[in-house]
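Before you begin, take a moment to look at the sequence and the structure together. The questions after them ask how particular words are earned.

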Amino acid sequence: MKTIASKTIAFNGKFFGAAPTGVHRVAEQLLAATDALIAGQGGNGVNYAVVVRDRVEIPPYRNISCVRESHWARKIHRIAWEQGYLPFARRKDFILNLCNLGPLLHRNSATMIHDAQVYSAPESYSRGFRTWYKFLFFFIGKRHKIIFTVSEFSKQELVRYGVASADKIVVVHNGCDHVLQVVPDEGQLAALRLTPRRYVLALANTQKHKNIGVLLKAFADAELRGVELVLFGGATQADFE
């Protein structure tokens with residue numbers, strides 16, 4: 001494992017201000033957990049900062065400072081900010097990217113790549129999206145010092161598709177303890193007329209690799225007649241039809 005020479009670790013805050021996704025939620029929780037770890041163990045002489053575009057709202061951190069870049073940087077597209085502005089603005093820092101992508105021009109970086117779905121399930125994405133991610137993955141895997149991923153399976157997939165070598169990839173499993181911080185809305189069961197312990201909750205997403213089609217077929221079987229399938233998320237009934 002290569003060592004981090006920089007005295008400042010800069011978190012790439014590109015995802016703040018963007019539409020919420022599961023990847024963004026993981027990044028937010030990792031930042032919060034890092035903030036707590038610093039409080040408990042100390043920073044060991046390392047400065048921590050989350051770098052965001054001007055006027056983007058972020059949660060308050062006790063031990064991670066917030067660096068808001070200049071007014072003009074706020075006006076450029078997020079991709080241009082990440083690829084063109086960030087690597088030069090933080091050129092002396094170690095940049096930690098938590099949302100699959102990171103600046104190609106900054107070698108002293110670590111990037112979390114959640115999966116290799118653009119390779120294994122290309123039909124789930126547009127051609128432009130696949131091409132852009134494959135292009136970035138190829139160089140990120142070769143240029144950045146460390147690649148993080150969420151499971152041994154994802155690590156094997158990233159190696160299989162040539163994104164990075166196995167010795168460069170570190171597995172950091174997703175957690176679930178943050179769910180306990182959410183106050184449950186007890187009225188939802190009644191509003192949806194759901195009986196406790198007699199329903200299954202799944203993500204409403206039409207991307208093929210999410211396998212919702214398998215659930216729909218399973219719940220069409222008479223054996224599951226007494227259990228409700230409840231889908232939540234961005235996709236609507238019309239999307240599935």
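What follows is a short exchange about strands, a helix and a core.

This is a predicted model, in which local features need pLDDT of at least 70 and side-chain atom pairs count only at pLDDT 80 or more, while totals for chains, interfaces and linings use all residues. Residues are numbered from 1 along each chain as its sequence is written, and side-chain values use heavy atoms, with hydrogens and water left out.

Q: Why are strands S8 and S9 said to pair?
A: Two strands (DSSP runs of E, at least two residues, numbered from the N terminus) pair if DSSP finds at least two bridges between them; S8 (residues 199–203) and S9 (residues 228–232) have five bridges, in the parallel sense, so they satisfy that rule. In one of these strands, S9, Val230 is the bridge partner of Leu201.

Q: What puts the buried residues of helix H6 on the same side?
A: Buried means under 20% relative accessible area, and exposed means over 50%, with partly exposed in between (1.4 Å probe, protein chains only). In H6 (residues 152–160; a helix is a DSSP run of H or I, at least four residues), Ser154, Lys155, Glu157 and Leu158 are buried. They cover an arc of only 165 degrees, taken from the directions from the helix axis to the C-beta atoms, and therefore lie on the same side of H6. The face turned away carries the exposed residues Phe153, Gln156 and Arg160.

Q: What makes a set of residues a nonpolar core?
A: Its members are buried Ala, Val, Leu, Ile, Met, Phe, Trp, Tyr and Cys residues joined through side-chain atoms within 4.5 Å. The largest such core has 24 residues, and those with the most contacts inside it include Phe11, Leu31 and Leu96. Helix H1 (22–41) gives the largest share, four residues.
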